[in-house]
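Work through the exercises below with the coordinates open beside you, and try each task before reading its solution.

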Amino acid sequence: MDINLKENLIAALTTEDNEITPVGSFPATCMIELMEKEGVSWPKGHTDAEDMATIAASAYEHVGLESMVLPFDLCFEAEALGCEVALTDHDNSSQTTHSPFDIETFEADPDFIHNARFPAMIEATKILQDKYDDVPIVGAMSGPITVLGQCLGIEGVLKDVNTKVNTVEDALDEMTTALIEQVELYNELEMDAIVLYEPNGAPELLAPPLFKQLLNPLHEEITAASDIPMVLHVCGNSLPQMENMLSTGYQGVSIADDVDVNEAQAVRQQLGSDTVVCGNISVTDTLFMKSPEAVKEEVKVALDKNVGVLLPACMIAPLSPSENIKAMVQARNEYFGIE
Ligand SMILES: [Zn+2]
């Protein structure tokens, strides 16, 4: 296939004048099958720059996904801010085991981008850039209420929203100032795009009017700081949150299969939003459980509904068969008549 994958992804997210729909791997795609082939494993894959680069590249090398994403877990920021984090030895998940913070006195050191696994991630990015000219490198990060939830426990944060909303707003502001440093780091590293995870912004956790009040101004600040296209990922049925997601300066939203792409496109049209709707191949029902043929059918439906970038609906199950992920790429190729 004779296209520049970087240019194709950036065009899909910005001008929409790309000829074929890119098929990407953000949220991060870490398949155990491919890691075994490469001789890398968890938790070292989270901390060693060479292994991080190998895992990020494996989605492109072995199954042809047109992006390389790093880092891989949702506690990356919390750890660098000062929390203790447990990394598992069987998948890319992580969890906070100890936090020095409370909501009243919460402070986020903007210099956190030098801590914990940031140096390894920076080195891994450079390894990938030296090795690959035209494959997009996507910097992953989490959003303000997601990282605050990792630092303080999301249940407590949501309770505090009801009883002392100003205190939560102060903590979210503090967090956003730090996260803007991370965006600027990604700018400096010349990443090709950023995917920002905000699972704690799902409508069943944060009602849409609260998201609008608490998070829209912060997401606007974050996207304004980026020189590169940004894609916002919210898990599950994010349709009630779609208006907020499509009006905060992102170039793309990444949605789960709980949302009908047509309904998200309708909200986009109503708002006159430039934000491209991306997604949404089911990670559990289809990519993990079904056959390549079933994957291909679902891909065709998503392309018919005009997804801007074809993506898994969320982080894929680590034991998903690589044949199924490869089928996403094959189905996209067949759709566009590419050999
Ligand atoms: Zn998700």
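The exercises that follow concern a predicted model, and each solution goes step by step.

**Exercise 1. The zinc site**

Task: Identify the protein donors of the zinc ion, and work out how they are spaced in sequence and whether histidine 233 and cysteine 314 are buried or exposed to some degree.

Solution: Begin with the donor atoms, which are NE2 of His233, SG of Cys235 and SG of Cys314, lying 2.1 Å from the zinc ion. Next, read their spacing along the chain, which follows the pattern H-x1-C-x78-C. Distant parts of the chain are linked here, since histidine 233 belongs to strand β6 (residues 230–233) while cysteine 314 sits in the loop between β9 (310–312) and α15 (322–335), 81 residues apart. Finally, consider accessibility: histidine 233 has a relative accessibility of 2% and therefore counts as buried, whereas cysteine 314, with a relative accessible area of 22%, is partly exposed.

**Exercise 2. Arginine 117 and helix α6**

Task: Locate arginine 117, describe its surroundings, and then find which elements the buried residues of α6 pack against.

Solution: Arginine 117 is placed in the loop between β3 (94–98) and α6 (118–131). Its relative accessibility is 4%, and because buried means under 20%, arginine 117 counts as buried. The side chain of arginine 117 is joined to that of glutamate 79 by a polar contact of 2.6 Å. Leaving aside residues up to four places away in sequence, the residues that arginine 117 touches include His46, Thr47, Asp73, Cys75 and Phe76.

Turning to the helix, α6 has 14 residues and spans 20 Å from its first C-alpha to its last, close to the 20 Å expected at 1.5 Å a residue. Its buried residues are Phe118, Ala120, Met121, Ile122, Ala124, Thr125 and Leu128, and these pack against α3 (44–47), α4 (49–63), β1 (68–70), α5 (76–81), β4 (137–142) and α9 (165–188).

**Exercise 3. The largest pocket and the largest cavity**

Task: Give the volumes of the largest pocket and the largest cavity, and name elements that contribute to their linings.

Solution: Start with the pocket, whose volume is about 230 Å³. It is lined by 16 residues, of which Glu16, Thr21, Asn306, Val307 and Gly308 are the closest to its centre, and α12 (261–271) and β8 (276–281) each supply at least two residues of the lining. Then take the cavities, of which two have 30 Å³ or more. The largest cavity holds about 40 Å³ of space, and its lining includes Ser25, Cys30, Val69 and Phe72. The element that gives the most to this lining is α4, with three residues.

**Exercise 4. Unusual backbone angles**

Task: Find where cis peptide bonds join tryptophan 42 to proline 43 and glycine 279 to asparagine 280, and where glutamate 190 and asparagine 306 have a positive phi.

Solution: Recall that most residues other than glycine have a negative phi, and that most peptide bonds are trans. The bond from tryptophan 42 to proline 43 is cis with omega near 0°, and proline 43 lies in the loop between α2 (32–38) and α3. The bond between glycine 279 and asparagine 280 is also cis, with omega about -20°, and asparagine 280 is in strand β8.

For phi, glutamate 190 has a positive value near 60° and occupies the loop between α9 and β5 (193–197), where it is exposed with a relative accessible area of 60%. Asparagine 306 has a positive phi near 65°; this residue lies in the loop between α14 (292–304) and β9 and is exposed, with a relative accessible area of 55%.

Key:
Residues numbered from 1 in each chain as written. Predicted model: local features only at pLDDT ≥ 70, side-chain atom pairs only at ≥ 80, totals over all residues. Heavy atoms only, no water. Donors = N, O, S within 2.8 Å, 3.2 Å for Na, K, Ca; no water. Helix = DSSP H or I, 4+ residues; strand = E, 2+ residues; numbered from the N terminus. Buried < 20%, exposed > 50% of the residue type's maximum accessible area, 1.4 Å probe, protein only. Polar contact = N/O pair within 3.5 Å; in protein donor to acceptor, adjacent residues only side chain to side chain. Contact = heavy atoms within 4.5 Å. Expected span 1.5 Å × (residues − 1). 1 Å grid on protein atoms, 1.4 Å probe; cavity = no way out; pocket = protein on both sides within 12 Å on 5 of 7 lines; lining within 4 Å. Points joined across faces, edges and corners; volume = space filled by probe spheres on them.
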